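Trainee: I would like to go through this model in questions and answers. Let us start with one side chain and work outwards.

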Amino acid sequence: MSSRFNSISASEACLHEGENAGSFALASQGDADAGAAMSNETELSLLSDIESLSASLGEKFEEIRMIHDLTARLELQDDPSETCQELLEQLIVCVSCETLIIQLDPDEDDVLGGGLQGIGRPIELTDLDRVVHAAIVESGIEDLGEGGCADPEMNSSSEVTAQRRAGDRPDWRKETVIVNHSSNPDLMNRRVVMMPIARGSVRLGRLIAIRNSNSNEFGTIEVDLMRSVLMVLALHLMNKRQFHEMQSMLEGTVRSLASALDAKDAYTHGHSSRVADLAVQLALRLGLGDRSAEALQLAGILHDIGKIGIDDSVLKKPGSLTPEEFDQIKRHPVLGYEILKDIRPFRHILPAVRHHHESWDGRGYPDGLVGDEIPRDAQILAVADAFDAMISDRPYRRGMPLEKVREIFQKGRGQQWAADVVDALLQSHDLMQAYAEQRPFARPDLQPQS
């Protein structure tokens, strides 16, 4: 009994062992299939992630390239409207729009000019105003004007996104409004993005992008690109404003210095202005360009500023000067240099101010420079200064006739003054005649250099 039981048990055990082995084999095959499927899914997911990352990097590269190209072209002396137009031309290539507009706010000093620049399909101003107003209303942002605040509650009746910058109170001037769907009649069949052009708390204008509702919705990537470009534009426009303010301060300083000199010697005011204008004319005729001409304009106005430190009895003496008195007069280029040297915006004109009485043969003052040792601006200023001194009436003599002036310059060509500068003057008969008669002479407008 026991033996039979053991025999059956052994057979059953072998049978069960076979079944288990078969089950194990089936399970192993199933696990392998499942693992392979999982591996394929992982691989597909990884490929998808790589493709997505590649596309994102490509878009980010385009954004960086565009910003780089834009910043490389920005110059402070450029007209803001031209800068905005160029930006729109670049931006519309990357952000498909039916109409793309930059609206600059007017400013007190008219540095930015205000007004609209657009590209794409033209839109009537009244229609644009309705679109802007509708987008503001749709997003729940009330356009309250200077100092106004937005309603933080969003309009839930339409698919509208308004992205706000961090702050204690949302400000309508800092809003980015994206309207992809709306039942508002003024927004029907339109998708609209409005973004501020702002730096800190200062609003400079806005960008308005409009596309047909048949086109894709405005997405995050496009909005980020527009935001990045507008940050660069805002920084440029603020720099332009600040540069204009610095120029105004500089001009105010020049006027103050000139007024101080005028109070001491009335002759110097007219003389300095004429020397400045003539030096500009000579620089342009010598092909030096606007940068040198602009420096000479400033140097001409201030070249005699050192005379503030000369005794009135010497400066206004109607007769001939004694050697001691002339030594005092000869100090004025160095005194002018000392007055201006610590004013940073004047550093580039210091060589012209200090050396405008140097002589080509080395017999000038204050440093006895010879030939090309004399700074180029000082060479030009020396000729303009001498010409005006010769033709002007002084308390102790009448102005010289032009023929006499020509003779003196011809004799001093290459000895007292640079030969090519003298030639530029003597060959400009109309210029000499105009200044001899103290008539204004037309010249190109000079643009302040950054």
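Trainee: What is the relative accessible area of R376?
Mentor: This is a predicted model, in which local features need pLDDT of at least 70, side-chain atom pairs count only at pLDDT 80 or more, and totals for chains, interfaces and linings use all residues. Residues are numbered from 1 along each chain as its sequence is written, and side-chain values use heavy atoms, with hydrogens and water left out. Buried means under 20% relative accessible area, exposed over 50%, and partly exposed in between (1.4 Å probe, protein chains only). R376 falls in the partly exposed class because its relative accessible area is 31%.

Trainee: With which residue does R376 form a salt bridge?
Mentor: A salt bridge needs a side-chain nitrogen of Lys or Arg within 4 Å of a carboxyl oxygen of Asp or Glu. For R376, the closest N and O atoms of such a pair are 2.4 Å apart, and the partner is D420.

Trainee: How many residues apart in sequence are the parts that R376 and D420 tie together?
Mentor: Helices (H or I, at least four residues) and strands (E, at least two) are DSSP runs, numbered from the N terminus. The salt bridge joins R376 to D420. R376 belongs to helix α11 and D420 to helix α13 (residues 419-426), so the parts tied together are separated in sequence by 44 residues.

Trainee: And what is the relative accessible area of D420?
Mentor: D420 is partly exposed, as is R376 at 31%. For D420 the value is 35%.

Trainee: Which residue does R413 pair with in a salt bridge?
Mentor: The closest N and O atoms of this pair are 2.7 Å apart. R413 sits in the loop between α12 and α13, and its partner, 10 residues away, is in helix α13. R413 is partly exposed at 36% relative accessibility, and at 22% the partner is partly exposed too: D423.

Trainee: At roughly what angle do the axes of α11 and α12 cross?
Mentor: Axes are lines fitted to C-alpha atoms, for helices over the stretch in contact, and angles run from 0 to 180 degrees between N-to-C directions. The axes of helix α11 (residues 376-391) and helix α12 (residues 402-412) come within 10 Å. They cross at roughly 145°.

Trainee: How many nonpolar residues are in the contact of α11 with α12?
Mentor: Contact means heavy atoms within 4.5 Å, and on that basis V383, A386, F387, M390 and I391 of α11 meet L402, V405, I408 and F409 of α12. Ala, Val, Leu, Ile, Met, Phe, Trp, Tyr, Cys and Pro count as nonpolar, Asp, Glu, Lys and Arg as charged, and the others, Gly among them, as polar. No residue of this contact is polar and none is charged, while the nonpolar count is 9.

Trainee: How far apart in space are the C-alpha atoms of G300 and L381?
Mentor: G300 lies in helix α6 (residues 289-302) and counts as buried because its relative accessibility is 0%. Not counting residues up to four places away in sequence, G300 touches S272, V275, A276 and L381. G300 and L381 are 81 residues apart in sequence, and their C-alpha distance is 6.8 Å.

Trainee: Which residue meets D105 in a salt bridge?
Mentor: The N to O distance is 2.7 Å. D105 is in the loop between β1 (99-104) and β2 (115-120), and the partner, 98 residues away, is in strand β6 (residues 202-212). D105 is buried, and so is its partner, R203.

Trainee: How many salt bridges does a search of the whole structure find?
Mentor: Besides the pairs above, D127, R130, D186 and R190 are linked in a network of salt bridges. The search of the whole structure gives a total of 17.

Trainee: What is the C-alpha distance in space between V131 and D186?
Mentor: V131 is in helix α3 (residues 125-139) and is buried, with a relative accessible area of 0%. Leaving aside neighbours within four places in sequence, V131 is in contact with D186, L187, R190, V192 and I210. V131 and D186 are 55 residues apart in sequence, and in space their C-alpha atoms are separated by 5.7 Å.

Trainee: Which residue does a cis peptide bond join to Y365?
Mentor: Omega of this bond is about 10°. The partner is found in the loop between α10 (350-355) and α11. That residue is P366.
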